[in-house]
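Please open the assembly in your viewer and keep a selection panel at hand. The tour below moves from one selection to the next, and says at each stop what can be found there.

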There are 4 protein chains.
Amino acid sequence: MDTATSGGLFDRALKRLLEAWRDVAGGAEDGDIAAQMRDCLEAKGGEVSARARSARLAKAYLAADADGKAEFLRILASFDSDPAAVAKAVAAFQAAGDDAAAAARARMQLRRALEAPRARLVTQFTSIPEGVKFVVELRAALLQLAKKDPALAALEADMRALLAAWFDVGFLELRRIDWHSPANLLEKLVGYEAVHEIRGWRDLKNRLDSDRRCYAFFHPRMPDEPLIFVEIALVKGLSGDVRALLDEKAPVQDPAAADTAIFYSISNCQQGLAGISFGNFLIKRVVGELSSEFRNLKAFATLSPIPGFRRWLDSVAVDEALLSPDEKASLAAALGADESDVQPVARLLAKRSWHRDAAVAEAAKPILTRLCARYLVAENAEGRAGEAKRARDPVAHFHLTNGAQAERLNWLADRSEKGQRESLGLMVNYLYDLDAIEANHEAYVGQGKRAASTTLKRLARGWA
Amino acid sequence: MDTATSGGLFDRALKRLLEAWRDVAGGAEDGDIAAQMRDCLEAKGGEVSARARSARLAKAYLAADADGKAEFLRILASFDSDPAAVAKAVAAFQAAGDDAAAAARARMQLRRALEAPRARLVTQFTSIPEGVKFVVELRAALLQLAKKDPALAALEADMRALLAAWFDVGFLELRRIDWHSPANLLEKLVGYEAVHEIRGWRDLKNRLDSDRRCYAFFHPRMPDEPLIFVEIALVKGLSGDVRALLDEKAPVQDPAAADTAIFYSISNCQQGLAGISFGNFLIKRVVGELSSEFRNLKAFATLSPIPGFRRWLDSVAVDEALLSPDEKASLAAALGADESDVQPVARLLAKRSWHRDAAVAEAAKPILTRLCARYLVAENAEGRAGEAKRARDPVAHFHLTNGAQAERLNWLADRSEKGQRESLGLMVNYLYDLDAIEANHEAYVGQGKRAASTTLKRLARGWA
Amino acid sequence: MDTATSGGLFDRALKRLLEAWRDVAGGAEDGDIAAQMRDCLEAKGGEVSARARSARLAKAYLAADADGKAEFLRILASFDSDPAAVAKAVAAFQAAGDDAAAAARARMQLRRALEAPRARLVTQFTSIPEGVKFVVELRAALLQLAKKDPALAALEADMRALLAAWFDVGFLELRRIDWHSPANLLEKLVGYEAVHEIRGWRDLKNRLDSDRRCYAFFHPRMPDEPLIFVEIALVKGLSGDVRALLDEKAPVQDPAAADTAIFYSISNCQQGLAGISFGNFLIKRVVGELSSEFRNLKAFATLSPIPGFRRWLDSVAVDEALLSPDEKASLAAALGADESDVQPVARLLAKRSWHRDAAVAEAAKPILTRLCARYLVAENAEGRAGEAKRARDPVAHFHLTNGAQAERLNWLADRSEKGQRESLGLMVNYLYDLDAIEANHEAYVGQGKRAASTTLKRLARGWA
Amino acid sequence: MDTATSGGLFDRALKRLLEAWRDVAGGAEDGDIAAQMRDCLEAKGGEVSARARSARLAKAYLAADADGKAEFLRILASFDSDPAAVAKAVAAFQAAGDDAAAAARARMQLRRALEAPRARLVTQFTSIPEGVKFVVELRAALLQLAKKDPALAALEADMRALLAAWFDVGFLELRRIDWHSPANLLEKLVGYEAVHEIRGWRDLKNRLDSDRRCYAFFHPRMPDEPLIFVEIALVKGLSGDVRALLDEKAPVQDPAAADTAIFYSISNCQQGLAGISFGNFLIKRVVGELSSEFRNLKAFATLSPIPGFRRWLDSVAVDEALLSPDEKASLAAALGADESDVQPVARLLAKRSWHRDAAVAEAAKPILTRLCARYLVAENAEGRAGEAKRARDPVAHFHLTNGAQAERLNWLADRSEKGQRESLGLMVNYLYDLDAIEANHEAYVGQGKRAASTTLKRLARGWA
């Protein structure tokens, strides 16, 4: 155990943790968390007892306050690999030199020496009822703390590796969610929906109607907790207005007559699984499910926000560099400003609810649409040297990486407050063309080439 | 990729593998296994495509003959970590010196550098239908091959680590198996039973009757494959004769009236999971299940073989060192040998079916029982220096490690050919006393002290 | 087919039905409903085809308007037993005279002759998806219509007999409903709750919390439709205030610590099953379930409305006959009326929200409680001569028939508008004492003796 | 209660039943079965108690010996409808005369009066665990006894009506049975198979392989008991040899490549459901299932025995009336008999294993095939006047009624002892052509016209 950390064992935070522990453990046992963890590791009383002990550790953690929790994680992190064993393995590795067999053996030895005991401790939590969920939540807490506390970063890396192994997509179950699903699960969707807020049970029921589909990935040991879910509308033609999709009073369509599946919302649910990606797999599995259920479906596309659009506009000198004189003039006029106004876009963005003024919206439409096309198709995120260029917009990057193509921009497609604030009300369809996905992916990941419709490309190439 | 190994790419074995591959892949793709694996690793065409490609790799493996399979594994093993990256991380580790934070970072970096790409390849197989089973079978094959081929040992170690993570007991399901279970599962029990052969459906049905219980662990992604199973009889008093338990014509008892649960058979099912232990957890989970179902149960015990007894007898000079003159004389007399015969035990063991001769059995009983007690309680396995002493008998070692106590020896308890050959017909009850398990485990694992009944201890201390 | 009824075949209503039929049948077949029914009965094209035809009949019914539906039922009713066959069987019955064997045969023949073909037609509907539900709804419609149309009464009687056979309690499944139940089922509870309105999902969730239980009977062929359900709170002591039970903000109790199970709501769900009783069985099955789940439960009781109390008060000359002079005076004073007011109760009941006036409520409490005790314990429903007396209150009659005992009256226990209007805010606990249920039932059903607590009996015997 | 029957209450048989009853009832209650039944009917102690009491009655029945069981059924049968009530209702019926409304009311009243209390008693058994199965077994016993005891015939008729209502096909579940089905269910198939004996688990597994299908109807309250099951082979072309289908060593075919589904065995399982037919529905439901699973299937046909063929041959003067001189001569020659032998068929049938003699079989083939075609297509069962003619062979009658067509005769298709004894080794394919089923059924049921292939018809029209 690292002495730097164990110095913290006597501070205020730990005292409260120990109190929580003693409450749970009933005072009958030594309340020293570190000692308990050591007993777990050494499987004192046998492995089965060690598992029982880890249940008590988990209870102590859950009963602790924020400081106590942080201290718990620091103690856990301190169970790192044995420095002497690592040093010895390193020496053996260097001694091996060019001897391939000896080098292979040395790498094995080094791997073993580097296995941190804390990973075993974390694994033991899986035996507790809801233990897998506990570990996911442990990492969620850790992700917050590790930013400020480098001592926790290594623990976080170990937990990420464990969770990546446990939550490999091969172990997940795809389940359809509908109005026959358990209420406690549906209630969670309301909480986890991250794109278009679910406003109540009626809204939710509309999204689960017979012309809709909702699918989620689940882990067999967290059967009540969706990991990620996607909402789909079965429609005719490409949807360009999310309001129509979310309208509770719109009549239910015949799904068998639909020719297009619109993926209009996809939300990750577990913060503790950040960095372990499921979205790619989910979309493609669902495309497969829908294809075999509905033979008439010809297109699979999203209706997606462009969450970085406004932020980008704010970060560049739009008016100065990206607008033509004519655009400036027309927008200024619509805004009732002087023709010589040099910052009409800035003026527009400063105006609340400008989109409700028909004349202003009319004037803004060609300008913002063009800028948005450019943002999606041509603007790059800052990258590391030597890497292929990637789209600046994170949602665009996700779908382009999946091999989708940016297909069509939709004006005033999302009138929600959030939609206005982030995307200026624009939404974009990304098209998943099964025959093109692999090539699109390769071109984007390998050379940074983005798949986009001719219309979008032409639009992006407009003025400037 | 290791050049030493890739040299093998052109040999006869590979050619056959490549042929199998081309059959499966339809000739449309490059049949080079190594190239395919590389594409999988680089996720060419996206991660989802990589998973599809791994399905084709698995098919190629399954279609290959023994040589082709070995070659496949050698190619897979060759995807080791990048030597340059490892060397660089080692250098950073050494540079860190006493700087704790730098050392922690260096260990993280080193861990990452040591992650072998082949482990990712193996993980991708989980997405295939029955993919987890495929990986388990891959390791079973590897265990055979790695003995002779050091190049495969490192791959085996990686796969063991992966399987240990996936098959952690926290992820397993305990299921009861009875006559209502699916026939295809029951058929597998017949094949996997390793202690007392199941002679047919009637024998099996008897073992699943209302006064019996059978439990197994399952992995959620291998739902039709038991990992380990245990068979239990609910009886009155400690059973001392396995023939009675396996008698298909014996009347069914009222399980609610039973006071003792006899665990009379426990079998591991998956060779590919060798070294990942479930038995300890299974027994204790089942004790818990039975306790809550049957309030009348007072004792939980095994009726176990002593598989190393005969082997041990053969390895020591029994007659010379372990027999009293009186014992020698009485045994010799019963065997019709000269009183001065100096090797009556050797003579006995050379005789076929000696136990069917009542007089011989009568004379042998006190001697063999005493020797067996000594074998169980006092004989040590060869161990490494500094380790606690451990029982020579492997089954004894398993139950003692679990915290059980050697309780009673049973004469002529297993008359099967195998029982005679290995255990000389003796069987032993190990008692699982829940209140004593932890202390027993600690005493055995820590100081090599074995829990045994007074009778057994006294017996073991007999002559010599 | 009865000619009187078939005359209706050509009227306006039938025309619309026939139109609906033709729409469904696609014009390809003869749209004559009666002819189609006849084909069903004669199993034209085989029995399997007859079943398919009945699906089309059901669709025609569902597509018809109210008049068309009534006409459909009248046509269905017209498929009565053959008068000639009945007459012949009657003659044989009379001819049998004292010959026991001949009489038995004649009864069999008469039973067969009386089987109405319409019952077979109704049975055929069970093969349709949701066909059992269809029949239940058919009877619900019929119950309305049969009141005015004697021609339908016989059909209603036949359907009641069929439904009683199909929905015998032996065929029903008891299921627990909780927050993990499907949303579409929970949504139905909101609609079916007949005692204390469920005000939304939050209210519902509170009623399904860990200190609550909800059970329902289901038919295997109507798995999404509860037949009857009961809501239970697990509490300490007898609950006397339904507001406390329905308070969404009240803390959740530990159900294991509860000593009393309060059945506070029981609702029948299917109008089409009117007259087929499940409540008795449901309560007793649930008492059994709860007893085995919670060993600490000592009492099982309801908290029930007294829906006929106010109606009874209105129907008798309370003030004249049932009040003592002192009661009159005290109530009049509290109401601020002249002391000589001769109808203080009438004045009270005419006053809106009198229970919110503390002084009035205080004065009314002993009077109304006493009157209510009398109503429950002593007032009789009008009965047929020779029958045992039965309680005037329908809910009281239900629980007394079940063998429960009227235990305690609770003042201001239900402050809802409905509670005030029907029960004047009073509620009563009926106690289900398993040891007394049979005797209570016998005494009530046999001799009209009602089980009541000493307190209630004494109260009922008060003034007058 | 009928006094004639109650006289039997004191005989020897009842005494034993009463003893059984007292054993079960623990002596604490009056052991009089009739009194207990009366209490059940009067719901003494409430309906729930009545159900509990019926459980004890069932136990008493099960514990009784054959005489006791018969007595139990006679007592049960004695709870007939009240003669006075029936007489009164008959009088009302006759008084109604031409008044349609009064007649309808009278029929209702008469139906009610005729309802036998024993039917209610039988219904109460459904609440017992496995109660539905108990009633089915009760009727099975009754069917045996009613033949000799007219007092039981009316009870049998009541039970048949109840079971027909409960087991209406609309309430049944179609389930596929395969090697993943529970062993206890598969074990039952072995017992119930009535056409081609299942010789063990290996034979059974072969019949459940991937190129086979097995479907059964189940009642939701008898989930472990098949009511009827059918075995199907998915093959190419019409199968003509059942030995090939039952060959355990034959390679498994690819079911997706099959163009024909052969129904080679259909067995009713429950004697107590005799007279309630499921086969027609089962075959057509299964045809539907298979059609949607396998798009390539073009034909659905049986491979059926002709169980009455030999019996018919024995009953007619074959040699005299049905053989041509040439046939006689050729058969006599093959049998090594004198050419002038006038009874070669009789001689053939008297010979054991004649079909193993190639020359004899060769000579017999055209003759027996022709006679069999005639038997199937032209021979009539004895019928009642005015009814359509029906096929003499019961299996033929079943399939013709279902609308199938007799398609092809197969020589030496069933070499089993039973096949030889009943069908002389011949089997026939009945073809289920979905487009022709309705018309075939109507033609057969209405006018007695049998659907047969041209070949079969021509064959039947051969000599004589």
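Begin by selecting A:C214 and A:E231 in this predicted model: A:E231, in strand 3 of chain A, is the bridge partner of A:C214. Extending the selection to strand 2 (residues 212–218) and strand 3 of chain A shows two strands that run antiparallel and are joined by 6 bridges. On adding strand 4 (residues 260–268) of chain A, you will find that strand 3 pairs with strand 4 as well, again in the antiparallel sense, over 8 bridges. One of the pairs to pick out here is A:V230 with A:I266, the latter being the bridge partner in strand 4 of chain A.

Stay with strand 3 of chain A, residues 228–235, and turn on its side chains. Are the residues of this strand buried or exposed? The strand is mostly covered, with 8 of its 8 residues buried. The covering applies to both faces, since A:I228, A:V230, A:I232 and A:L234 are buried on one side, while A:F229, A:E231, A:A233 and A:V235 are buried on the other.

A:E231 leads on to the next selection. Show A:E231 together with A:E193, A:R199, A:D203, A:R207 and A:E248, which are joined into one network by salt bridges that share partners.

Now widen the view to charged pairs elsewhere in the structure, where a search over all chains finds 102 salt bridges. Select A:D149 and A:R74, whose side chains meet in a salt bridge with an N to O distance of 3.4 Å. A:D149 lies in the loop between helix 9 (131–146) and helix 10 (150–166) of chain A, whereas A:R74 belongs to helix 5 (residues 66–77) of chain A, so the pair ties together parts that are 75 residues apart in sequence. The two partners can also be coloured by accessibility: A:D149 counts as buried at 15% relative accessibility, and A:R74 counts as partly exposed at 26%.

Move to chain B and select B:E327 and B:R370, where another salt bridge is found, at 2.8 Å from N to O. This pair links distant parts of the chain, with B:E327 in helix 17 (residues 325–334) and B:R370 in helix 19 (residues 358–378) of chain B, 43 residues apart. Both B:E327 and B:R370 are buried.

In chain C, select C:R310 and C:D314, whose side chains form a salt bridge at 3.2 Å, N to O. Here both partners lie in helix 15 (residues 309–315) of chain C, 4 residues apart, or about one turn of the helix. At 22% relative accessibility, C:R310 counts as partly exposed.

Next, display chain C and chain A together. How many residues of each chain take part in the contact? The contact involves 11 residues of chain C and 11 residues of chain A, and about 940 Å² of area is buried between the two chains, of which carbon and sulfur atoms give 56%. Highlight C:W179, C:H180 and C:W201, which supply 48% of the area that chain C buries against chain A, more than any other three residues.

For the polar side of this interface, select A:E187 and C:K205, which form a salt bridge whose closest N and O atoms are 2.7 Å apart. Across the interface of chain C and chain A there are 2 salt bridges, and the count of residue pairs in polar contact is 10. On the side of chain C that touches chain A, helix 11 (183–192) and helix 12 (201–207) of chain C each supply at least two residues, and the largest share, 4 residues, comes from helix 11 of chain C.

Finally, compare the copies by superposition. Chain C is superposed on chain A by a rotation of 180 degrees with 0.0 Å of shift along its axis, at an RMSD of 0.1 Å. To locate that axis, select C:P182, whose C-alpha is the nearest to it in chain C, at 2.0 Å. The same surface serves both copies, as 100% of the contact residues of chain C recur in chain A.

Repeat the exercise with chain D and chain C: a turn of 180 degrees and a shift of 0.0 Å along the axis lay chain D on chain C with an RMSD of 0.1 Å. These two copies are thus related as by a two-fold rotation axis. Here too the same surface serves both copies, with 100% of the contact residues of chain D recurring in chain C.

Terms used
Residues are numbered from 1 along each chain as its sequence is written. Chains are lettered from A and ligands numbered from 1 in the order in which they are written. This is a predicted model: local features need pLDDT of at least 70, side-chain atom pairs count only at pLDDT 80 or more; totals for chains, interfaces and linings use all residues. Side-chain values use heavy atoms; hydrogens and water are left out. Buried means under 20% relative accessible area, exposed over 50%, partly exposed in between (1.4 Å probe, protein chains only). Two strands pair if DSSP finds at least two bridges between them. Copies are superposed by least squares on the C-alpha atoms of residues with pLDDT of at least 70 in both. Contact means heavy atoms within 4.5 Å. Buried area is the accessible area (1.4 Å probe) that two parts lose on being put together, summed over both. A salt bridge is a side-chain nitrogen of Lys or Arg within 4 Å of a carboxyl oxygen of Asp or Glu. A polar contact is a pair of N or O atoms within 3.5 Å; within protein, one must be able to donate a hydrogen and the other to accept it, and residues adjacent in sequence count only if both atoms are side-chain atoms.
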